[in-house]
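I set out to record where the ligand sits in this model and what lies around it. The pockets and one unusual peptide bond are noted afterwards.

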Amino acid sequence: MADKNDTIFGQIIRGEMPADKVYEDDDVLAFKDINPAAPVHILVIPKKYIVNLFDADEEDTELLGKLLQAARKVAIEQGLEDDGFRLVVNNGAGVGQTVHHIHLHILGGRSFAWPPG
Ligand code: AMP
């Protein structure tokens, strides 16, 4: 996979595009979704360019864990601990992935149906 990331999230990581950031460390960035589908809708992304889970290999195992830990921290900071939150990762255009840089959707602040639509 090419190193250059020309997606909108690559632009946010490089500071070329503004974002409402809520968490950042050396490896991970989290920011508010521009078109929220819930009262809390935050995206958690690795700074490394990975298209989706199909593009993540063994060497990305620790990074994938860091994404989950960041999601946990953000969810707590957003006050979602009591009511819970949903974590969504769309892997592939066929299931709705529109930005091809892996991201976790943190969704909370309302009720959710199961199974998801
Ligand atoms: P997905 O459909 O799973 O690929 O999710 C992509 C998400 O990125 C959507 O929920 C969009 O609303 C969101 N999004 C697209 N552009 C931006 C942006 N510039 N800043 C924040 N969120 C964005």
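How many residues surround the ligand, and which are the closest? I am working from a predicted model. In it I counted 17 residues around the ligand. The closest are Asp33, Asn90, Gly96, Thr98 and His105.

**Entry 1. Polar contacts of the ligand.**
I looked up the short distances to ligand oxygen atoms. Asn90 places a polar side-chain atom 2.8 Å from an oxygen atom of the ligand. For Gly96, I found a backbone N or O atom at 2.7 Å from a ligand oxygen atom. For Thr98, a backbone N or O atom likewise lies 2.7 Å from an oxygen atom of the ligand. I then checked the cover: on its own the ligand has 500 Å² of accessible area, and the protein covers 85% of this.

**Entry 2. The shell around the ligand.**
I asked which elements give two or more residues to the shell, and found α1 (8–13), β2 (28–32) and β3 (40–46). Of the elements, α1 gives the most, with three residues. Sorted by class, the shell holds seven nonpolar, eight polar and two charged residues.

**Entry 3. The largest pocket.**
Which pocket corresponds to the space taken by the ligand? I noted that this space is the largest pocket. I recorded about 400 Å³ of space in the largest pocket. Its lining consists of 20 residues, and those nearest the centre of the pocket are Phe9, Phe31, Asp33, Ile34 and Leu43. The elements giving two or more residues to this lining are α1, β2 and β3. The largest share, three residues, comes from α1. By class I entered ten nonpolar, seven polar and three charged residues for the lining of the largest pocket.

Asp33 therefore appears twice in my notes, being listed among the closest residues to the ligand and among those nearest the centre of the largest pocket.**Entry 4. The second largest pocket.**
I recorded about 150 Å³ of space in the second largest pocket. Which residues line the second largest pocket? I listed Arg86, Leu87, Val88, Asn90, Trp114, Pro116 and Gly117. This lining divides into four nonpolar, two polar and one charged residue. Asn90 is one of the lining residues here, and a polar side-chain atom of Asn90 also lies 2.8 Å from a ligand oxygen atom.

**Entry 5. A cis peptide bond.**
Trp114, another residue of the lining of the second largest pocket, led me to check its peptide bond. I found that a cis peptide bond joins Trp114 and Pro115, with omega at about 5 degrees. I placed Pro115 in the segment after β5 (104–108).

Notes:
Residues numbered from 1 in each chain as written. Predicted model: local features only at pLDDT ≥ 70, side-chain atom pairs only at ≥ 80, totals over all residues. Heavy atoms only, no water. Near = heavy atom within 4 Å. Polar contact = N/O pair within 3.5 Å; in protein donor to acceptor, adjacent residues only side chain to side chain. Areas by Shrake-Rupley, 256 points an atom, 1.4 Å probe, with all protein chains shown as cover. 1 Å grid on protein atoms, 1.4 Å probe; cavity = no way out; pocket = protein on both sides within 12 Å on 5 of 7 lines; lining within 4 Å. Sits in = over half its atoms within 2 Å of the grid points. Helix = DSSP H or I, 4+ residues; strand = E, 2+ residues; numbered from the N terminus. Nonpolar A, V, L, I, M, F, W, Y, C, P; charged D, E, K, R; others polar. Points joined across faces, edges and corners; volume = space filled by probe spheres on them.
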